[in-house]
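Reader: Could you walk me through how to read a model like this one? I would like the general idea and then the case at hand.

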Amino acid sequence: MISWVFAGITLAAVFMATFVAHIRVAILALWVAGLGIGAVYLTLGAEFLAIVQWIVSTLVTISFLFFAVMFGEYDPPEVKKTGKTLFVQMISMVLGCVFAILLGLMSRSLPSGPQTEFADGSDLKILGRILSQENLLSLEVLALTLFLVLVGGGVVARSEEGDSS
Amino acid sequence: MMLVSGLIGGLGLVCMISRKSVLGLLVGLQLLMIGSTMIFVIAGLHSGLRIQGQIFGLFITLGGIAQLVVGYSLAIRLFFLKRRISLDDLQALKQ
């Protein structure tokens, strides 16, 4: 039951992040959605992922706010509702609904109901063992990818002569 | 619960398509990442592979950070060139 409460809060925050015009409010709604989804993970027994989600959501929100201020998008833009804009929004909403309905239909083929009973009380110990023994190469590849993205992002974002013109 | 995660991902898709700025696109991308992470966690719970679902979710979350960094760097580059970060100006990066 408590999972559904957090899921409802998350869904409301996602609606707000999608449809609100202010980028600042959208970013804060994204933060609430991240916190809510972490709470859902916590109630489902995924404590490690919940903590990772909370940390990532908070840092992402801070960076979003920083960049929104830096790019001058802190104030709400003046958006004219043209026919093309409404058409794009309608098409995107139809696409989103089709995506959700397809996922809901496919989830019926899953073998059983959710297993929330844990033999040892928590998955954390098993998760750490599997991550360090069976997924060590994946972790290394991910770490290398993040490092390369960090360096590449710095290279792409560097300023050059004539940029200010 | 799977339908909820699908709705979150679908709304992320809506946000990505309908917003006009790079930051709005990145907000939608983060919503899509949240939804896809939740899909793997819920599917792992239902299928008896809880740990594997969480590991997939962890890798998706951390991969989302890499995409965010790339988006930020492109936005900064675009801001240097055009003094705004509208999606319509992204073609300026090809020059």
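Reader: How many residues does the contact take from chain A and from chain B?

Author: Happy to help, and keep in mind that this is a predicted model. In general, the size of an interface is often given as the accessible area lost when the parts come together. Here we can count residues instead: 63 come from chain A and 54 from chain B.

Reader: Which elements of chain A give two or more residues to the side that touches chain B?

Author: They are α1 (2-19), α2, α3, α4 (83-106), α5 (124-133) and α6 (136-156) of chain A. The largest share, eleven residues, comes from α4(A). By class, that side of chain A has 43 nonpolar, 17 polar and three charged residues.

Reader: Now for a pair of helices. At what angle do the axes of α2 and α3 of chain A cross?

Author: Helix α2 (residues 23-43) and helix α3 (residues 47-70) of chain A cross at roughly 175°, and their axes come within 8 Å. Angles over 145 degrees count as roughly antiparallel, so α2(A) is roughly antiparallel to α3(A).

Reader: Which residues meet there?

Author: On the α2(A) side they include Ile27(A), Trp31(A), Gly34(A) and Tyr41(A). Among those they meet in α3(A) are Gln53(A), Trp54(A), Thr61(A) and Phe64(A). By class, this helix contact has 14 nonpolar, six polar and two charged residues.

Reader: And how is chain A divided into domains?

Author: Chain A has domain 1 (1-76), domain 2 (79-107) and domain 3 (124-155). Taken over C-alpha atoms, the centres of domain 1 and domain 2 of chain A are separated by 21 Å.

Key:
Residues are numbered from 1 along each chain as its sequence is written. Chains are lettered from A and ligands numbered from 1 in the order in which they are written. This is a predicted model: local features need pLDDT of at least 70, side-chain atom pairs count only at pLDDT 80 or more; totals for chains, interfaces and linings use all residues. Axes are lines fitted to C-alpha atoms, for helices over the stretch in contact, and angles run from 0 to 180 degrees between N-to-C directions. Helices (H or I, at least four residues) and strands (E, at least two) are DSSP runs, numbered from the N terminus. Angles under 35 degrees count as roughly parallel, over 145 as roughly antiparallel, 65 to 115 as roughly perpendicular and the rest as oblique. Two residues are in contact if their C-beta atoms, placed from the backbone, lie within 7 Å. Ala, Val, Leu, Ile, Met, Phe, Trp, Tyr, Cys and Pro count as nonpolar, Asp, Glu, Lys and Arg as charged, and the others, Gly among them, as polar. Domain bounds come from an automatic or database domain assignment.
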